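Colleague: Please take a close look at a single part of this chain and describe how that part fits into its surroundings. Take it step by step, as I am new to reading structures.

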Amino acid sequence: MKFIVINRKWLFIVIGALLAFSLYFISREAIPTFKTSNNHGNDLIINMVTGEFSTTTTDGKKIESYRFDPGTIVIPKDQDVTLSIFGVNGAEHPFFIEGTDIKGTVKKGEETIVPLHFKEEGTYRLICDTHTHDGHGSISMIAYIIVD
Ligand SMILES: [Cu+2]
């Protein structure tokens, strides 16, 4: 009888080890799949959305902030990059990129394609013209494009 109990323990250990091993392989494969989904050949495509933070303070005041998500992107110098911005929160976000003549508008439920090609390294600000200026009552809606 005692021998059978020890055998069961070993069975559990073997099953546990197999589970841990397969989980390890599943998680390992998930990483390259995620990476390649954003790369079509040599074209770098970056997906961004417009989002919103909203809350009510303890004294009942509602505060909100629109934002680009991700708020910071890193792209290579001298390469064609496609920035896709999908409008989720906020009806319209007219935007421009500081130091360039790039501008456009992101509308709710629509994708805006912004072709990028930077020749100089630096940090460029993607600024929403509606939700950034003083007096609007909201926090600046800015994304940072780091060209490296
Ligand atoms: Cu905006």
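**A hairpin and the sheet around it**

Modeller: Strand 6 and strand 7 form a hairpin, with five residues between the two strands. In the turn, G99 has a positive phi of about 80 degrees. Keep in mind throughout that this is a predicted model.

Begin with the two arms of the hairpin. Strand 6 covers residues 92-97 and runs antiparallel to strand 7, with five bridges joining the two. To find one of these places in the picture, look for P94, which stands opposite T105 in strand 7. As a general point, the strands of a sheet pair through backbone hydrogen bonds, and the pairing is either parallel or antiparallel.

Now move to the other neighbour of strand 6. Strand 9 also runs antiparallel to strand 6, and three bridges join them. Here F96 has I127 of strand 9 as its bridge partner.

The hairpin therefore needs to be seen within its sheet. This is an open sheet of five strands, in the order 4-10-9-6-7, and its pairing is mixed. The two edge strands are strand 4 (72-75) and strand 7 (103-107), each of which pairs on one side only. From one strand to the next, the twist averages 25 degrees. At the end away from the hairpin, strand 4 and strand 10 pair in the parallel sense over four bridges. In that pair, I75 stands opposite V147 in strand 10.

Next, consider the side chains. In a regular strand, side chains alternate between the two faces of the sheet. The largest nonpolar core has 16 residues, and F95, L126, C128 and I145 touch the most other members. At least two residues of this core come from each of strand 3 (62-69), strand 5 (81-87), strand 9 (122-128) and strand 10 (142-147). Strand 9 supplies the largest share, four residues. The contacts of L126 show how the pieces meet: leaving out residues up to four places away in sequence, L126 touches F68, F95, I97, I142, A143 and I145. Among these, F95 and I97 lie in the range of strand 6, while I142, A143 and I145 lie in the range of strand 10.

The end of the chain lies beyond strand 10, in the segment that contains D148. D148 counts as exposed because it has 10 C-beta neighbours inside 10 Å, and the cut-off for exposed is 12 or fewer. Its contacts, apart from neighbours within four places in sequence, are V74, P76, K77 and E121. One of them, K77, is 71 residues away in sequence, yet its C-alpha is 5.7 Å from that of D148.

Two backbone details sit on either side of strand 4. In general, most residues other than glycine have a negative phi, and most peptide bonds are trans. P70, in the loop between strand 3 and strand 4, follows a cis peptide bond from D69, with omega near 0 degrees. D78, in the loop between strand 4 and strand 5, has a positive phi near 55 degrees and is not a glycine. D78 is exposed, because 10 other C-beta atoms lie within 10 Å.

Strand 5 leads to other pairings. It pairs with strand 2 (residues 43-56) in the parallel sense over seven bridges, and I45 has T82 of strand 5 as its bridge partner. Strand 5 also runs antiparallel to strand 8 (residues 111-116), with six bridges between them, and L83 stands opposite V114 in strand 8. N47 is placed in strand 2. With 15 C-beta neighbours inside 10 Å, N47 counts as partly exposed. The C-alpha atoms of N47 and I73 are 9.8 Å apart, although 26 residues separate them along the chain.

Last, the chain as a whole. It has one helix and 10 strands, and the helix comes ahead of the strands when the elements are read from the N terminus. Of its 148 residues, 14% count as buried. Among contacts with a separation of 6 or more, 62% join residues 24 or more positions apart. To return to the starting point, the hairpin supplies strands 6 and 7 to the order 4-10-9-6-7, with strand 7 at an edge.

Conventions:
Residues numbered from 1 in each chain as written. Predicted model: local features only at pLDDT ≥ 70, side-chain atom pairs only at ≥ 80, totals over all residues. Core = buried A, V, L, I, M, F, W, Y, C linked by C-beta atoms within 7 Å. Buried ≥ 20, exposed ≤ 12 C-beta atoms within 10 Å, placed from the backbone. Contact = placed C-beta atoms within 7 Å. Pairing = 2+ DSSP bridges. Axes fitted to C-alpha atoms, helices over the stretch in contact; angles between N-to-C directions.
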